[in-house]
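Here is a quick walk through a protein chain for someone meeting it for the first time. Take a look at the picture, then read on.

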Amino acid sequence: KSGSRLGYRVGLGYMAGYTDNFFCNYESHHQNAVTVPLELNYLIGKGKSKLEIGAGSNIGMYHVSGTVFKCDYIPKDDGLYEQINLRDEHYSETKFGYYMYGNVGYRHTAKNGLQFRCGVNPSFNFGDEHGLKKAVLYPYVSFGYAF
């Protein structure tokens with residue numbers, strides 16, 4: 001509502017990633033996710049520039065797949081090790097996931113509605129099987145339109 005300091009944000013997100021680990025227990029890992037961020041926020045300040053404080057949750061479906069190449073080592077007479085029993089294991093799973101986050105940042109909204117935001121998001125979960133395993137603090141930059 002125009003003039004209100006209390007607001008909300010609802011979005012739709014997509015993430016794709018790929019990682020490799022090049023040692024004996026080599027792992028090739030793909031991850032895709034479709035998420036829905038939900039946030040309540042409060043604006044402090046006057047004019048076009050404001051301090052934005054918020055809290056929310058990002059929920060979604062995550063698909064993880066990949067291959068793990070494993071091996072065993074046996075000692076040789078020269079003090080080195082020989083790599084034996086090279087095998088690969090494939091995995092693929094889709095599961096629900098979430099994380100909670102805070103939001104502390106700067107918001108500038110121009111008269112024409114163009115908006116710039118930057119700040120930090122501390123994130124965490126409650127330690128269950130559906131969430132992140134650790135707390136993370138990450139910066140953000142956002143460009144958009146306010147209506």
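## A buried charged network

R107 and E52 are both buried. Keep in mind that this is a predicted model. The side chains of these two residues meet in a salt bridge, with 2.4 Å from N to O. R107 belongs to strand β5 (residues 81–109) and E52 to strand β4, so their pairing ties together parts of the chain that are 55 residues apart in sequence.

What else does E52 form a salt bridge with? The other partner is R117, and here the closest N and O atoms are 3.0 Å apart. This pair also links distant parts of the chain, since E52 sits in strand β4 and R117 in strand β6 (residues 114–124), 65 residues apart. R117 is buried, just like E52. Put the shared partners together and you get one network of salt bridges that joins E52, R107 and R117.

## Another bridge, between β1 and β3

In total, the count comes to three salt bridges. One of them brings together the side chains of R9 and E39, at 3.0 Å from N to O. R9 is in strand β1 and E39 is in strand β3, so this bridge ties together parts 30 residues apart in sequence.

Are the two ends of this bridge buried or exposed? R9 is partly exposed, because its relative accessible area is 31%, while E39 counts as buried because its relative accessibility is 4%.

## A nonpolar patch on the surface

Now for the outside. L6, Y42, I44, L51, I53, V104, V120 and L137 form a nonpolar patch on the surface, and together they have about 700 Å² of accessible area. Strands β3 (26–44) and β4 (49–75) are the elements that give two or more residues to this patch.

One patch member, L6, has its place in strand β1 (residues 6–10). With a relative accessible area of 58%, L6 is exposed.

## The chain as a whole

How many helices and strands does the chain have? There are zero helices and seven strands, so reading from the N terminus on simply gives β-β-β-β-β-β-β.

Of the 147 residues in the chain, 27% are buried. The accessible surface comes to about 10300 Å², and carbon and sulfur atoms account for 63% of that. As for contacts between residues at least 6 apart in sequence, 54% of them join residues at least 24 apart.

Terms used
Residues are numbered from 1 along each chain as its sequence is written. This is a predicted model: local features need pLDDT of at least 70, side-chain atom pairs count only at pLDDT 80 or more; totals for chains, interfaces and linings use all residues. Side-chain values use heavy atoms; hydrogens and water are left out. Patches are made of residues with over 30% relative accessible area and no salt bridge: like charges are joined within 9 Å, nonpolar side chains (Val, Leu, Ile, Met, Phe, Trp, Tyr) within 5 Å. Accessible areas come from the Shrake-Rupley method with a 1.4 Å probe; for residues, only the protein chains shown count as cover. A salt bridge is a side-chain nitrogen of Lys or Arg within 4 Å of a carboxyl oxygen of Asp or Glu. Helices (H or I, at least four residues) and strands (E, at least two) are DSSP runs, numbered from the N terminus. Buried means under 20% relative accessible area, exposed over 50%, partly exposed in between (1.4 Å probe, protein chains only). Contact means heavy atoms within 4.5 Å.
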